[in-house]
Amino acid sequence: MNNENLTGRLALVTGASGGIGLGVATHLAAGGAEVLLGVRDAAKGMAALDRIRERVPDAHVSVRTLDLASLVSVSALADQLNAEARPIEILVNNAGVMAPATRHTTADGLELQFGTNYVGHAALTFGLLPLLRAGAARVTTVTSAAARHAKLNWADPQSERKYAPVRAYNQSKLANLMFALELDRRSRAGDWGIVSNAAHPGTTLTGLYQAGPNMGRERPAPHEAIMRRLHRLGLFVHGVEQGTLPIVYAATSPQAQGGRLYGPDGFGEFRGAPTELAVYKPARDEAEAARLWDYTVGLAGVELSTVS
């Protein structure tokens, strides 16, 4: 693995028990960073820790409990890390759920995808701002090419009136992208020292295609089988190692800048090497991003003065 020298840097990766999160955490550890694995399931977290140490025997890694579908859990981790008072140099907001067949909610009553993929990560970032500012951190938030086809539904942001699995997923990933860009704007305006960008892994064969689509279904969803078939054929889908690279590039490369979007350079952004992408049109409205920021502050229950 080709890694930047990250020796001495403290990194936190969410959803690090498998898939893209585990891949990113492994790359960061190989580069010399001390990596905190933010995971919901402690047993899976320990298994991930062992897998990292198999690849990187001298890795400095530890497991931290984090359930992004619970603002209590998010706040607990933020409080714990703030009490430890160690500056954080890298934060990768990666964890997510995709397209449950029926509407589910978080512990706080938010639509599961919007609440987990977006609000949980925004709340975590808000809670860690003192440490991120102290570390002049790079914050990379994972979005999706699906954000190209999304819009914020202000009339029904939590899909309470009408739930469409893919539409709700697309909205959550657009929110991730808009948040990443708005964080960078606010950092520059307030001289916070944080560099914030977004990245997506392309179409990557992970458990995301099995876990979410099977929620609320009696029969297995076809998503994973289709993705595996395409991967075997070498069409549109690549493996975790390749999908990890745009995220790692955005989070660590000196060439990756704030307020930018990174992803694969291949046809349709399905596969390929890391490159800078044009920010998707739905994410370019700065007034909408500011409105989303303020809306999220209210959902997360934080003091506006701490994030403005």
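How many residues does helix H6 have, and how far does H6 reach from its first C-alpha to its last? Helix H6 (residues 165-190) has 26 residues and reaches 37 Å, close to the 38 Å expected at 1.5 Å a residue. The expected span is 1.5 Å times one less than the number of residues. Helices (H or I, at least four residues) and strands (E, at least two) are DSSP runs, numbered from the N terminus.

Before we go on, a word about the model: it is predicted, so local features need pLDDT of at least 70 and side-chain atom pairs count only at pLDDT 80 or more, while totals for chains, interfaces and linings use all residues. Residues are numbered from 1 along each chain as its sequence is written, and side-chain values use heavy atoms, with hydrogens and water left out.

**Helix H6 and its partner**

H6 is mostly covered, with 20 of its 26 residues buried. Here buried means under 20% relative accessible area, exposed means over 50%, and partly exposed lies in between (1.4 Å probe, protein chains only).

The axes of H6 and helix H10 (residues 286-300) come within 9 Å and cross at roughly 95°. That makes H6 roughly perpendicular to H10, a label for angles of 65 to 115 degrees. Axes are lines fitted to C-alpha atoms, for helices over the stretch in contact, and angles run from 0 to 180 degrees between N-to-C directions. Where the helices meet, residues of H6 including Phe179 and Arg186 touch residues of H10, among them Trp293 and Asp294; contact means heavy atoms within 4.5 Å.

**Strand S4 and its neighbours**

Now look at strand S4 (residues 90-93), which is covered on both faces: Ile90 and Val92 are buried on one side, Leu91 and Asn93 on the other. S4 pairs with strand S1 (residues 10-14) in the parallel sense over three bridges, and Leu12 stands opposite Leu91. Strand S5 (residues 138-142) also runs parallel to S4, joined by four bridges, with Thr141 as the bridge partner of Asn93. Two strands pair if DSSP finds at least two bridges between them.

**Two residues with positive phi**

Most residues other than glycine have a negative phi. Which residues have a positive value here? Ala85 and Asp191 are two to look at.

| Residue | Phi | Loop | Relative accessible area |
|---|---|---|---|
| Ala85 | near 60° | between helix H3 (71-84) and S4 | 52%, exposed |
| Asp191 | near 55° | between H6 and strand S6 (195-199) | 66%, exposed |

Asp191 also brings us back to the start, as its place is just after H6.

Note on methods: Angles under 35 degrees count as roughly parallel, over 145 as roughly antiparallel, 65 to 115 as roughly perpendicular and the rest as oblique.
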